[in-house]
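Got the model loaded in your viewer? Here's a walk through it, one selection at a time.

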Amino acid sequence: MIVGIKDTSRLAAIAVMAFCAVFVCTMFLNYNIDIGAVSSEITSPEAKALYSAMLSCSKMACSLSGGCLAITSAVMLLFYVKHYVTLRKRELGILKALGYTDLQASMSFGIFGISVLAGAAAGFCAAYAVMPLFYKTQNKDGLLPDIDIDFHPSLLLYLVILPGIFFAALSVFSASRMLKKPVISLLKDTLQTNGKIKKLRESSSAELSFTAELRKSNLKTKKALVFFMVFSSFCFSAMTQMSFSMNELSSFLMGAIIMLIGVTLACTTLILASSAAVGGNTKTIAMMKAFGYSDKECRTALLDGYRPWSYAGFALGTGYQYLLLKIAVNIVFKDVENIPDYKFDLAAAIVSLAAFAVLYELAIYICAKRIERVSVKEIMLE
Amino acid sequence: MIDIVNASKFYGTGQSRFQALKSVSLKLKKGGFYVVTGASGSGKSTLLNIASGLERPDDGNIIYSETDIAGLTDKELTQFRRKHTGFIFQQYYLLPNLNVDKNVKMGADLAGNKNYREVIKAVGLEDKLQKYPGELSGGQQQRVSIARALAKKPEILFLDEPTGALDEQTGRQILDYISTLQREYGFTVVMVTHNLNIAQMADTVVKMNSGKITEIYSNSEKKTAYEIGW
């Protein structure tokens, strides 16, 4: 088997992503279904306004969080599949040489769906565990009738089982597409396509130092890592700042949940991206060291290029959360009383930025230590 | 230039521990062309690794210009390699996302060598500057790795089986480039190979077996890359 069950443990980031997406969606969708069942009991104008605002808010939370996290999980899965195809290209090449079709050679990648299934199942269970508190918080003013928590099997199907199957199929088909190459290019160490070379050629420029060239080519060829760096800072920025506002606009529980999800997602993706930035370059690092490049020069070439993208992601997240809350307060909750006007929280933005800077620089420091540990023996082992 | 004194090297732990080098001593003189030969597992690559500062011996000394590089820290060893050595490996290890020009620049930047394109010209790749490793043949890739190593103006060039992955014709061409460039630039060559025929190109041949040097001899008459057998 090219990819085994133990390899799925490396996909913890996808499991965390699936956990967060399903946790948020289960809570809000379950609430929507349950509140819909008592809609006929809601008669007063204030309660009706709150009811429709709650529905809109739930739909927005589900589509934004769920959609965004599902897309990111898919991107992350494709990243891992590509990583494993590159890592195991010789074994896959041998299978193809023996007569296996691309699809047959890729079947073992279906096991990656287990990570999504495990994360989604855990998120589903966690959502039901937190639900009593969530329902209470949603109706803290007592305007809406009491709602009982019901279990809805359709949510289990749509949020846990089908995504697990979909992601397993996505892994197999994407691996199969990546294997549509001549056997010899898999057996030899050349997975560089003409298209990739063309893109690199278009981007080649005048005189830059070697480390600057390497930094530039890394950003060009490792777009998934750039995406994860931006996504990580975006999540951290948007969700930590939003959680401060939620304390005031909604409840402490909502604020805490959003903060927890934001920090977890940010840390997971940041660790994934930064370790991939080092792990995918061990031979380059070893070669640079053999030639006499210092650890600092290796770090500059391989990691420093991501910093501007990370802080740009932070700025994007700040703008996103501001617009989202402004829309929520001014449009969705416009008919609901006692909702304070929302203004940009500069203090929260500064605290969030400082916390992110510490987190980011800590991740880079850990990666720098990993670079120091890369031995020149890496290039003597083959 | 390099004085290897009673160098020993062990690998593995417990029952799998074995001695790859057994108290080896060897003097490498400036400007010499040394070929180290021996069967697989004879310790020739280990000797090259410790002589070049890629690894430290577990015992013994590696004296380079009155400095024992066996006692240097990792950072000091990196500085040593930066200033003095060049490497050519069997697998080339070119960076796939950088073109020929930028790959050679990897070596040139370390020596502040602005005229590195002369070395690319010297290995006959001046028309391939914008090509990427994936677009080159094995022989051309090895020529890029030669240019990369020489662009940093090394005092000693270490080569580990440089023709191991090449066919006869390309292998001879690569060896010819190395010996021609050595005469032109004057650096010392230490080449590890299992191909005994290549030894006929060397000033000095070092034969190894089971972690020991079994024979050292000088060639009274050196042959060119096109005169040796294969």
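**Stop 1: the two domains of chain A**

Start by colouring chain A by domain: the centres of domain 1 of chain A and domain 2 of chain A, taken over C-alpha atoms, are 22 Å apart. The bounds to type in are 1-191 for domain 1 and 193-382 for domain 2, and they come from an automatic or database domain assignment. Before going on, keep in mind that this is a predicted model, in which local features need pLDDT of at least 70 and side-chain atom pairs count only at pLDDT 80 or more, while totals for chains, interfaces and linings use all residues. For your selections, residues are numbered from 1 along each chain as its sequence is written, and chains are lettered from A and ligands numbered from 1 in the order in which they are written.

Now select where the domains touch. On the domain 1 side of chain A, 18 residues are in contact with 18 residues of domain 2; contact here puts the C-beta atoms, placed from the backbone, within 7 Å of each other. Helix H1 (12-37), helix H2 (45-87) and helix H5 (113-138) of chain A each give two or more residues to that side of domain 1. Helices (H or I, at least four residues) and strands (E, at least two) are DSSP runs, numbered from the N terminus. H2(A) has the largest share, at 9 residues. Colour this side of domain 1 by class and you get 13 nonpolar, 3 polar and 2 charged residues. For that colouring, Ala, Val, Leu, Ile, Met, Phe, Trp, Tyr, Cys and Pro count as nonpolar, Asp, Glu, Lys and Arg as charged, and the others, Gly among them, as polar.

**Stop 2: along H5 of chain A**

Select H5(A) and look for the bend: a kink of about 50 degrees lies at A:Met131, shortly before the proline A:Pro132. The bend is the angle between axes fitted to the seven residues ending at a residue and the seven starting there. Next, show the side chains of the buried residues in H5(A), among them A:Gly113, A:Leu117, A:Phe124 and A:Phe134. Buried takes 20 or more other C-beta atoms within 10 Å of a residue's own, exposed takes 12 or fewer, and partly exposed lies in between, with C-beta atoms placed from the backbone. What covers these buried residues? Switch on H1, H2, helix H6 (153-178) and helix H11 (252-279) of chain A, which are included in the cover.

**Stop 3: where chain B meets chain A**

Bring chain B into view. The contact takes 26 residues from chain B and 24 residues from chain A. On the chain B side, pick out helix H2 (74-84), strand E6 (85-89) and helix H3 (100-111), which each give two or more residues. H3(B) gives the most, with 6 residues. By class, the chain B side divides into 10 nonpolar, 9 polar and 7 charged residues.

**Stop 4: chain B as a whole**

Hide chain A for a moment. Chain B has 6 helices and 10 strands, and its C-alpha atoms fill a box of roughly 50 × 40 × 35 Å along the principal axes. Of its 230 residues, 49% are buried. Among contacts between residues at least 6 apart in sequence, 71% join residues at least 24 apart.

**Stop 5: a sheet and a helix end**

Select the open sheet of 4 strands in chain B, with order E2-E1-E4-E5 and antiparallel pairing. E2 and strand E5 (67-68) are at the edges with a single partner strand each, so one side of each has no neighbour in the sheet. Pairing requires at least two DSSP bridges between the strands. Strand E1 (2-11) and strand E4 (59-64) of chain B pair over 5 bridges, and B:Ile2 stands opposite B:Tyr64 in E4(B).

From B:Ile2, go to B:Ala51, in helix H1 (44-51) of chain B. Is B:Ala51 buried or exposed? B:Ala51 counts as buried, because 27 C-beta neighbours lie inside 10 Å. Beyond its neighbours within four places in sequence, B:Ala51 is in contact with B:Ile2, B:Ile4, B:Ile62 and B:Val190.

**Stop 6: two serines**

Finish with B:Ser23, in strand E2 (18-28) of chain B, and B:Ser210, in the loop between strand E9 (204-209) and strand E10 (212-218) of chain B. Phi is near 50 degrees at B:Ser23, and B:Ser210 also has phi near 50 degrees, a positive value in a residue other than glycine. B:Ser23 is partly exposed, with 15 other C-beta atoms within 10 Å; B:Ser210 is partly exposed with 13.

Terms used
Two residues are in contact if their C-beta atoms, placed from the backbone, lie within 7 Å.
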